[in-house]
Amino acid sequence: MPRVLLFTQPGCLSCELMKIFLEAKGIAFEERDIVADPEARREMTDQHDSTETPTLVIVSAETAEVIVGFDPVRLDQYLDPAPSSDSVPEI
């Protein structure tokens, strides 16, 4: 299971929408407030090359996928599991 980091700041409506979206999907995430935690701000800007919140980072063994802003369509591409080839379509 990949590790999901969410960089946020107080008063960010898109950050709140992102949290609601992730919780509704049942996705566990680690929230990092860039105002309260200067190290989180440095990590977001230096390691993940982002200057905006929300910034979502999906860390797997090989890669770190960075999604800046609240984009539900793009989030679904990365967070929804691929359909199984064993699944049978309902008729």
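This is a short dialogue about reading some features of the protein shown above.

Visitor: Before we start, what kind of model is this, and how is it numbered?

Guide: It is a predicted model, where local features need pLDDT of at least 70, side-chain atom pairs count only at pLDDT 80 or more, and totals for chains, interfaces and linings use all residues. Residues are numbered from 1 along each chain as its sequence is written, and side-chain values use heavy atoms, with hydrogens and water left out.

Visitor: How many helices and strands does the protein have, and what pattern do they follow along the sequence?

Guide: Helices (H or I, at least four residues) and strands (E, at least two) are DSSP runs, numbered from the N terminus. Here you get 3 helices and 4 strands, in the order β-α-β-α-β-β-α.

Visitor: And which strands pair with β3?

Guide: Two strands pair if DSSP finds at least two bridges between them. β3 pairs with β1 in the antiparallel sense over 5 bridges, and with β4, again antiparallel, over 5 bridges. If you want landmarks, F7 has T55 in β3 as its bridge partner, while V59 is matched by A64 in β4. A hairpin of 4 residues carries the chain from β3 to β4.

Visitor: Is β3 enclosed or open?

Guide: Take the word "buried" first: it means under 20% relative accessible area, with exposed over 50% and partly exposed in between (1.4 Å probe, protein chains only). In β3, 4 of the 5 residues are buried, so the strand is largely enclosed by the rest of the structure. For the whole protein, buried residues make up 32% of the 91 residues.

Visitor: What does L5 in β1 touch?

Guide: In a regular strand the side chains alternate between the two faces of the sheet. L5 sits in strand β1 and is buried, at 2% relative accessibility. Contact means heavy atoms within 4.5 Å. Not counting residues up to four places away in sequence, L5 touches E30, R32, E43, T55, L56, V57 and V59. L5 and F29 are also worth a look: they are 24 residues apart in sequence, yet their C-alpha atoms are 5.6 Å apart. Across the protein, 54% of the contacts between residues at least 6 apart in sequence join residues at least 24 apart.

Visitor: Now the helix α2. Which of its residues are buried?

Guide: In α2, residues 38–47, those are A40, E43 and M44. Seen down the helix axis, they fall within an arc of 95° (taken from the directions from the axis to the C-beta atoms), so they line one face of α2. The buried residues of α2 pack against β1 (3–8), β2 (30–33) and β3 (55–59).

Visitor: What caps the N-terminal end of α2?

Guide: D37 does, with a side-chain oxygen 3.0 Å from the backbone nitrogen of E39. A polar contact is a pair of N or O atoms within 3.5 Å; within protein, one must be able to donate a hydrogen and the other to accept it, and residues adjacent in sequence count only if both atoms are side-chain atoms.

Visitor: What should I look for in the loop between α2 and β3?

Guide: Most residues other than glycine have a negative phi, and most peptide bonds are trans. In that loop, D49 has a phi near 55°, a positive value in a residue other than glycine. D49 is exposed, with a relative accessible area of 70%. H48 lies in this loop too, but is buried at 12% relative accessibility. Leaving aside neighbours within four places in sequence, H48 contacts F7, E43, V57 and V66. P54 is in the loop as well, and the peptide bond from T53 to P54 is cis, with omega near -5°.

Visitor: How many aromatic pairs are there?

Guide: A pair of aromatic rings is described by the distance of the centres and the angle of the planes. Rings of Phe, Tyr and Trp (its six-membered ring) pair if their centres lie within 6.5 Å; planes under 30 degrees apart count as stacked, over 60 as edge-to-face and the rest as tilted. The structure holds 1 such pair. The rings of F21 and F70 have centres 5.7 Å apart and planes at 75°, so the pair is edge-to-face. F21 is in helix α1 (residues 13–25) and F70 in the loop between β4 (64–68) and α3 (72–79), so the pair ties together parts 49 residues apart in sequence. F21 is buried at 14% relative accessibility, whereas F70 is partly exposed at 29%.
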